[in-house]
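Student: I am new to this structure and would like a close look at a single part of it. Could you take me through the sheet and whatever packs around it?

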Amino acid sequence: MRPAISYIRVSRPKQGRSGLGLEAQQAAIRSFCAQHGYCVEAEYREVETGKGADALERRPELAAAMKLARKVGRGGKTGAAPIIIAKLDRLSRDVHFISGLMVQRIPFIVTELGPDVDPFMLHIHAAVAEKERERIAQRTREALAAAKARGQVLGNVAIGEARKAEADVRAEYFRPILAPLRDLPAKRISVILNERGVTTPRGGKWQATQVIRLLGRLHFSGDHPGGLNSDLLT
């Protein structure tokens, strides 16, 4: 088993207190390590916004993870053990910040992207994700502005569209967790998620119907429309 460091981050103090999101990342990293032959030497958990070019100074846990990665990987090919994260935005939503991390010559592995994505491709994925977030934010602002201009109230179509865009962003968080489970019946997936301590976006227990809705929202490429198939309930 190859040594690795696990890094988990949520960007809101409320999420850190409740554990919402932390368990989902932990489950994704554990599954990835078991599949690809990594042994987690240490796990670092952080609750921080991560905004701005100086975010590393406000993330002592990430700095500590990088320090240990160098120590554990000393003498290896890269001189550092890899730091494994569930999603790229758990490092940062800022492309420039991620670029700064890449020059540290510490391998960062993103479970949802696979073990063989090099630093150049991480830059590309980060840039694409940043652009997509900008488009979602812009669509949300436009929908809210249009609703306000028409004098509409909460519950109208424009507000609904804005909330749908926000729900799509939240759903993406669970993609690396559900990807290896998506061919199982929804009821079985809900049991597995609950056993792993992965909570719903609202912090509750999973039900099969919630899994179906989430699968339908994620639209895994090449799969049957799992979330829309009632047979998956069994």
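**A close look at the sheet**

Tutor: Happy to! Let us begin with the sheet itself, keeping in mind that this is a predicted model. The sheet is open and has four strands, arranged in the order β2-β1-β3-β4 with parallel pairing. At its edges are β2 (38–47) and β4 (108–110), each of which pairs on one side only. From one strand to the next, the twist averages 30°.

For some background, the protein chain holds nine helices and four strands. Read from the N terminus on, its elements run β-α-α-β-α-β-α-β-α-α-α-α-α. Of the 234 residues in the chain, 42% count as buried. Among contacts with a separation of 6 or more, 65% are between residues 24 or more positions apart.

Now let us walk through the sheet strand by strand, starting with β1. This strand is mostly covered, as seven of its nine residues are buried. β1 pairs with β2 in the parallel sense over nine bridges. If you would like one pair to look for there, find I5, whose bridge partner in β2 is A42. β1 is also joined to β3 by two bridges, and these two strands run parallel. Here you can look for S6, which has I84 as its bridge partner in β3.

From β3 (residues 83–85) we can step on to β4: three bridges join these strands, which run parallel. I84 turns up again at this step, standing opposite I109 in β4. A general point helps when you follow such residues along a strand: in a regular strand the side chains alternate between the two faces of the sheet.

Is the end of β2 buried or exposed? Take V47, which is found in strand β2. V47 counts as partly exposed because its relative accessibility is 39%, a value between the cut-offs of 20% for buried and 50% for exposed. The C-alpha atoms of V47 and R9 are separated by 5.7 Å, although these residues are 38 residues apart along the chain.

Next, what packs on the sheet? One helix that does is α2, which touches β1 (2–10), β2, β3 and β4. The direction of α2 makes about 160° with that of β1.

Just past the strands, T111 is a good residue to pause on. T111 lies in the loop between β4 and α5 (119–149). T111 is buried, because its relative accessible area is 12%, under the 20% cut-off. Leaving aside residues up to four places away in sequence, T111 touches A28, I29, F32, I84, I85, A86 and P176. I84 is thus a residue you have already met, as the bridge partner of S6.

F32, one of the residues that T111 touches, brings us to the aromatic rings. The structure holds two aromatic pairs. F32 and Y38 form a stacked one, with 6.2 Å centre to centre and 15° between the planes. Both of these residues are buried. The other pair, F174 and W206, is edge-to-face, at 5.4 Å centre to centre and 85° between the planes. This second pair links distant parts of the chain: F174 is in the loop between α6 (157–172) and α7, W206 is in the loop between α8 and α9, and the two are 32 residues apart. F174 and W206 are both buried too.

Finally, let us see how the nonpolar residues gather. The largest nonpolar core has 22 residues, of which L178 and L193 touch the most other members. Helices α2 (22–36), α7 (175–178), α8 (186–196) and α9 (208–218) each supply at least two residues of this core. The largest share, six residues, comes from α9. Not counting residues up to four places away in sequence, L193 touches I177, L178, L181, V198, W206 and V211. W206 among these is the ring partner of F174.

A second, separate core has 21 residues, including I5, A65, I98 and V110. I5 takes us back to β1 and its bridge to A42 in β2, while I98 points to helix α4 (residues 95–102). In α4, V95, F97, I98, L101 and M102 are buried. Seen down the axis of α4, the buried residues fall within an arc of 160°, so they line one face of the helix.

Note on methods. Residues numbered from 1 in each chain as written. Predicted model: local features only at pLDDT ≥ 70, side-chain atom pairs only at ≥ 80, totals over all residues. Heavy atoms only, no water. Core = buried A, V, L, I, M, F, W, Y, C linked by side-chain atoms within 4.5 Å. Buried < 20%, exposed > 50% of the residue type's maximum accessible area, 1.4 Å probe, protein only. Contact = heavy atoms within 4.5 Å. Pairing = 2+ DSSP bridges. Axes fitted to C-alpha atoms, helices over the stretch in contact; angles between N-to-C directions. Arc of directions from axis to C-beta. Phe/Tyr/Trp six-rings, centres within 6.5 Å; stacked < 30°, edge-to-face > 60°.
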